[in-house]
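Trainee: I am new to this structure and would like a close look at a single part. Please take it slowly.

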Amino acid sequence: MRLPDLARLRPFDLANEAGYQQWRAIKLANQDTLAADRVVPVKDVARLDAREHAAILERCQKTNLAIYEVTGAGGTDKTAIRAFGRQFGLEHLDMNLRADEDSITSLQVVEASAGTQYIPYTNRPLNWHTDGYYNPLDKQVRGIIMHCVAASASGGDNLMLDPEIAYLLLRDEHPEYLAALMQPDAMTIPANIEAGVELRAAQSGPVFSVAPDSGALHMRYTARSRSIEWKKDRNTRMAAGFLLELLATDSIYRVRHRLRAGQGIICNNVLHKREAFDDDAAAGQKRLLYRARYHERIRGT
Ligand SMILES: [Fe+2]
């Protein structure tokens, strides 16, 4: 089915019911067409051929994410991952406190003695979130590549949900909750203070927002209950509870995938969580992911 023109339709405007219904019909019709062959084989991530590029782009247009698998001999170092992103208009990397110098982060278990208790660097489960929800609003993360260099010995599944689907399910049942989540002070992340030094100021913002130019939907979310302040009104509280329940419910829209070595995910910062995993250090099996976060969405989505 043809793709909706978000800039023209404006489906995420709560006052625009006709545009929303048109978009909704297309969105739902496009959901089940790709599930069977979700993983796209690519020979060389740094130089996709036209068919590989089109297959990844189509999945991102319909579901905001694609899973690929490198089948050829082309490299998958950070330079190759950078080149992969550029083919989809992903250029500007988000800087974070712990990224490597090139701003692509190597995610693997780091012993606590090395100075970090940050959950991404442990084997513990990571609850539902979108990346960079604590970033300033003009530095939001809109595109992500996660490339698996080495798989876990067991566990570590990623669960993912397209924010457009979360929006749709919410709007169908409780448009008033959606209005609450679009308030500019719906969700506040308190300042990050370590040893009396403020590393990051408090950051308020909406959960759902719409880019004025493209009409694209962006979601800023974490399911964590500590170090987060929801706006103290009834609908915001109810909406946060609804989202939690939605994410905990198995559905045809929720994608589950355990990355194998050579596989990766490219997405428009969809909702995701990671289950706990185990490395097998004795066998030299240690999960390693490269993660690149961008300020752009995937071009053409
Ligand atoms: Fe994440």
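Trainee: Which residue in strand 2 is the bridge partner of V39?

Mentor: The bridge partner of V39 in strand 2 is I67. Before going further, note that this is a predicted model, in which local features need pLDDT of at least 70 and side-chain atom pairs count only at pLDDT 80 or more, while totals for chains, interfaces and linings use all residues. Residues are numbered from 1 along each chain as its sequence is written. Helices (H or I, at least four residues) and strands (E, at least two) are DSSP runs, numbered from the N terminus.

Strand 2 covers residues 65–70, and five of its six residues are buried, so the strand is largely enclosed by the rest of the structure. Buried here means that 20 or more other C-beta atoms lie within 10 Å of the residue's own; exposed means 12 or fewer, and partly exposed is in between, with C-beta atoms placed from the backbone.

Strand 2 pairs with strand 1 (residues 39–42) in the parallel sense, over four bridges. Two strands count as paired if DSSP finds at least two bridges between them. From strand 1 the chain crosses through helix 3 (residues 50–63) to strand 2, and this β-α-β crossover is right-handed. That term applies if, with the strands pointing away from the viewer, the path from the first strand over the helix to the second runs clockwise.

Strand 2 is also joined to strand 16 (residues 263–267), by five bridges, and these two run antiparallel. I67 appears again here: its bridge partner in strand 16 is I265.

These strands belong to an open sheet of six strands in the order 1-2-16-5-19-3, with mixed pairing. Strand 1 and strand 3 (105–107) stand at the edges with a single partner strand each, so one side of each is left without a neighbour in the sheet. Neighbouring strands of this sheet are turned by 25° against each other on average, direction ignored.

Further along the order, strand 5 (residues 143–150) and strand 19 (residues 288–294) pair in the antiparallel sense over seven bridges. M146 stands opposite R291 of strand 19.

Helix 3 also lies across strand 1, strand 2 and strand 16, and runs at about 150° to strand 2. Axes are lines fitted to C-alpha atoms, for helices over the stretch in contact, and angles run from 0 to 180 degrees between N-to-C directions. Contact between two residues means that their C-beta atoms, placed from the backbone, lie within 7 Å.
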